[in-house]
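Please follow this explanation with the sequence and the 3D view side by side. It moves from one strand outward to its sheet, then to the other chains.

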Amino acid sequence: MTALLRVQDLKKYFPVGKDLLGRPTQVVQAVDGVSFSVEKGRTLGIVGESGCGKSTTARLLMHLIEPDEGRISIRGKEFGNISGRHPVAELRRQMQMVFQDSYASLNPRLTIEDSIAFGPQIHGVSEREARQQARDLLEKVGLNPNVFVRRYPHELSGGQRQRVNIARALAIKPEIVLLDEAVSALDKSVQAQVLNLLSDLKKEFGLTYLFISHDLNVVQYISDDVMVMYLGQVVESGPVEQLYQNPAHPYTRALLSSVPSQTPHERKQHKVLEGDPPNPIAPPSGCRFHPRCEHARAICSSQQPETTRVEGLHQAACFMLPANPNHEKYIQLQEVSA
Amino acid sequence: MTTIASTTSKEKFALAAETAAVSRGYWTTVWTRLVRDPVSVGCAVVLLLMVLIAVFAPLLAPYDPSQGTMLKRLSPIGTEGHWLGTDELGRDMLSRLMHGGQMSLMMGLLPVFIAFAIGTSLGLIAGFFGGWINSLIMRTTDVFFAFPAVLLAIAISGALGAGFINAIISLTLVFIPPIARVAESVTTSVRNLDFVEAARASGAGNFTIIRVHVLGNVLGPVFIYATSLVSVCMILAAGLSFLGLGVRPPTPEWGLMLNTLRQSIYIQPWISVLPGLMIFITSLCFNLLSDGLRSAMDIKR
Amino acid sequence: MFVFIIRRFLYAIPIALAVAAVCFSLVHLAPGDPLTAIIPADAPAEVVIAIQQAYGMDRPLLVQFGSWIQRALQGDLGVSVATGRPVMGDIALALSNTLLLAFAAALLGFLGGILLGALAAIYNGTWIDKLATALAITGVSIPHYWLGLLLVIIFSVHLDWLPSMGAGPGGSSDWRLDWAHLRHLVLPAVTMCFIPMGIVTRTVRATVSEILNSEFVTALYARGLRGRRIALHVAKNAAPTVLSVMGLQFGYLLGGSILVETVFSWPGTGYLLNTAIFQRDIPLLQGIILVLAMFFVGLNLLVDVLQTLMDPRIKRG
């Protein structure tokens, strides 16, 4: 089965700092060679600490930020602002996004109805029809249209606003929905309701989700596949059960061990991640995780580990994996004493 | 943890708002708040009266503002038939003050109005598109910021020469840069909000995004700022006339009246005070009303 | 921060150039030939051309601008069309008078403003606060030329306490520090201090009450600090904002004195500017505006640099 969405070698470097003449002095490698694909009807969770480039990836996919490099294709059709590629406008009809800040992502001057009906009207739906659709969608996301259509965003709770944002994204009738920390700002109880709503909507409309979050429990709950990012790169990816039960990359292991388990007696005393992620302006050489990795050896700081298959579709970028072409070299080296 | 805590309090507020049940638009709320402020209402009434008197001056004024007899020149305040006295050419002060409002109010409002239209457009374009367009527009306004407002107005008026139109042009030029700067900074902050990104993600073009999503959020703050400039403009405009750079005599205008009556302060000091008093009251009312509007529009989420 | 200051200095150069260009182009805003004031209407064509050549008006605009800048940098702002004297001398004398007036007004306005603003912030919501706020809004709403007239009527016409014209007895324009000259300074300085006082009051009130309500002041109280020590902390934190506002206000005093100087016949730049406008003396007009605008550019630069140096929160790279 071919992938619905395929992303290859996506890159974005941001210039930062200014010298005397206002020229950039450094670049942040926000997203550095990210590749993945998602099959129709599945949910890909993207996890990582803040600043790892997961939100930038989402914005690059929507072309809200122009990628420096990389290919984005849906059903084999490549999109982009380069001649020979399909127009971004078409991409945005097939892919929509829900943002983290439910308040900032709704225009405070527009009613709920106007906000939802805005997108379809851009795509040529008549105002009357768009309003009718908006009411239908409000019902679908669990808000009584008779109560809410004329309301303004500040009159709604965070959970209600996020439902509106979901309705707004669905109004364009996309195939793929990007959820960028969409439930992260909500209370736990509201979070669960919105997650269930997302599952229901996915079934009803046959949607495909890209679910971006720093919350590993939430990602485990909703995702079919998971991709772990660290400093702009993918360190591990695979089906959710395999990855959660058998994390291959030391970073993933550290991340997972820092999550309190649901059952107290299963809580293990693992080495927890120490320190902050290094500065993305000057990322470490070799494997970007090596300064925080308890298993780091000389090769880790000199060479980038290849993405290697762990088992089935589960893969990771680490020299410790037996299948890694440089695994032998790693084994031969002494462990760097901390 | 902090994000959760703040969300909860936001949530509480939203729930409270929900129980209010009546759903109102932003401007309706602002209006309700404004009319509850006695100072703002008072100032608005005074200003409205002034405008009405100025507009209907030809009907209301007891005398022709440009006809006077030298026999009755500089009659004191309280003179029978001329209860605000007469000026240095024997013209009725009350009639001249009523007619003078036409020019003075126009010169206070029109430049700010034109500058609001032009400055907002420039700031909107600069803020929304950023990059070199922003640099071009904002660096140009920086140059005009290098002049104190009064100096710039007088310099341009001085170079263009006296006259109503020239005064309007120079005052407009003075107010475009500050308005553009405010509009630019507001637009820049609005442009970075998620709902603009969301609109872009729905496939909307720049023009539609500006019209539907940016303009409505930018106009309010810039409008408040512009109202605070009206008072400055009133004072500056009358100042230009006071220097002989505004309207030409015998047109009644408060600044010009102040200028000509200045020669008579040793004979009838209090009559020469009257036109300035009018400028002061108008400017004060505009300032207070602008403050009232600002706090009425400052609605916490 | 060091880079920021250097960059700010470098940025002032194009601004100064552009300001000069604006001043220069004022000539060409004027309707008709800039030399109309001295060329008789019935002058023969050769005479007109000769005069134009004498003033260099026959050359291309850019060349004129270039040589004007070059001469201005050497302190030569041209020759007055009306008097035939070099413009620079008159401007320098007038500028010293304007600076004197501006300093006096700034001193009164800033001291008054800081005092009123601080009192209003400390006694927030009481009648003192209301009075200070009312005074502040009056200060920014009052047409200062009218206020000047009012003061003249009260103190010169009615009470006959203070002189209303000129900078010194007998219309002398060179200033000396003695009672006779000080008397002349009182009314114009008081008149001009109202705007900066109003604005400084508002700024100080807003800044200080924000600081007083901030958590770090609560923490200071909690640590047992009282009175003077707290005042010191508040002053240190309010200083950058207040100073930058005061710097700008001083600039406005320099540029905005024309109306007040006219009311009091104060022999400063504003009065000179007025003369230049009415004699259509364009070189003089250009010169005054250039000098004042350059003062303002320099002042802005100074304020920015000082603010960067003083405020630890601003770390501009």
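In this predicted model, a convenient place to begin is strand β7 of chain A, which is joined by 5 bridges to strand β8 (residues 208-212) of chain A, the two running parallel. Within this pairing, L178(A) stands opposite L210(A) in β8(A). β7(A) also pairs with β6(A), again in the parallel sense, over 4 bridges, and here M95(A) has I176(A) of β7(A) as its bridge partner. Is β7(A) mostly covered or mostly open? It is mostly covered, since 5 of its 5 residues count as buried. The burial extends to both faces of β7(A): I176(A), L178(A) and D180(A) are buried on one side, while V177(A) and L179(A) are buried on the other.

These strands belong to an open sheet of 8 strands in chain A, whose order is β6-β7-β8-β3-β9-β10-β12-β11 and whose pairing is mixed. β6 (95-98) and β11 (307-311) of chain A each have a single partner strand, so they stand at the edges and one side of each is left without a neighbour in the sheet. On average, and ignoring direction, neighbouring strands of the sheet are turned by 20° against each other. Elsewhere in the same order, β10 (residues 233-239) and β12 (residues 314-317) of chain A pair in the antiparallel sense over 2 bridges, with E236(A) having A316(A) in β12(A) as its bridge partner. Helix α6 (residues 158-170) of chain A packs on the sheet, where it touches β6 and β7 (176-180) of chain A, and the direction of this helix makes about 170° with that of β6(A).

A further set of pairings in chain A centres on strand β1 (residues 5-16). It is joined to strand β2 (residues 26-38) of chain A by 10 bridges, and the two run antiparallel; in this pairing R6(A) stands opposite S37(A) in β2(A). Strand β1(A) also pairs with strand β4 (residues 69-74) of chain A, likewise in the antiparallel sense, over 5 bridges, and the partner of K11(A) in β4(A) is E69(A).

Taken as a whole, chain A has 12 helices and 12 strands, and its C-alpha atoms fill a box of roughly 70 × 55 × 45 Å along the principal axes. A compact globule of 338 residues would have a radius of gyration near 20 Å, and the 21 Å of chain A agrees with this. Of the 338 residues of chain A, 43% count as buried. Among contacts in chain A with a separation of 6 or more, 62% are between residues 24 or more positions apart.

Chain B can be approached through its helix packing. Two packed helices are described by the angle between their axes and the distance between the axes. The axes of helix α5 (residues 93-129) and helix α6 (residues 131-145) of chain B come within 7 Å and cross at roughly 145°, and the crossing is left-handed. Residues of α5(B) including L122(B), I125(B) and F129(B) meet residues of α6(B), among them I133(B), I137(B) and M138(B). The residues of this contact divide into 7 nonpolar, 3 polar and no charged.

Helix α5(B) also packs against helix α10 (residues 206-242) of chain B, at an angle of about 145° and with the axes 8 Å apart, but this time the crossing is right-handed. Residues such as M107(B), V112(B), F116(B) and L124(B) in α5(B) take part, and from α10(B) the participants include V214(B), V222(B), L229(B) and M234(B). The contact of α5(B) with α10(B) is made of 18 nonpolar, 3 polar and no charged residues.

Chain B in turn touches chain C, in a contact that takes 37 residues from chain C and 34 residues from chain B. On the side of chain C, the elements giving two or more residues are α1 (2-29), α5 (127-141), α6 (144-158), α9 (227-256), α10 (258-264), α11 (269-278) and α12 (282-310). Which element of chain C gives the most to this side? It is α6(C), with 7 residues. The residues on this side of chain C divide into 31 nonpolar, 6 polar and no charged.

A last stop in chain C is L225(C), which lies in the loop between α8 (215-222) and α9 of that chain. Because L225(C) has 14 C-beta neighbours inside 10 Å, it counts as partly exposed. Apart from neighbours within four places in sequence, L225(C) is in contact with L220(C) and I230(C).

Technical notes. Residues are numbered from 1 along each chain as its sequence is written. Chains are lettered from A and ligands numbered from 1 in the order in which they are written. This is a predicted model: local features need pLDDT of at least 70, side-chain atom pairs count only at pLDDT 80 or more; totals for chains, interfaces and linings use all residues. Two residues are in contact if their C-beta atoms, placed from the backbone, lie within 7 Å. Ala, Val, Leu, Ile, Met, Phe, Trp, Tyr, Cys and Pro count as nonpolar, Asp, Glu, Lys and Arg as charged, and the others, Gly among them, as polar. The radius of gyration is taken over C-alpha atoms; the globule rule is 2.2 Å times the number of residues to the power 0.38. A residue is buried if 20 or more other C-beta atoms lie within 10 Å of its own, exposed if 12 or fewer, and partly exposed in between; C-beta atoms are placed from the backbone. Two strands pair if DSSP finds at least two bridges between them. Axes are lines fitted to C-alpha atoms, for helices over the stretch in contact, and angles run from 0 to 180 degrees between N-to-C directions. A crossing is left-handed if the near helix is turned anticlockwise from the far one by less than a right angle, and right-handed if clockwise.
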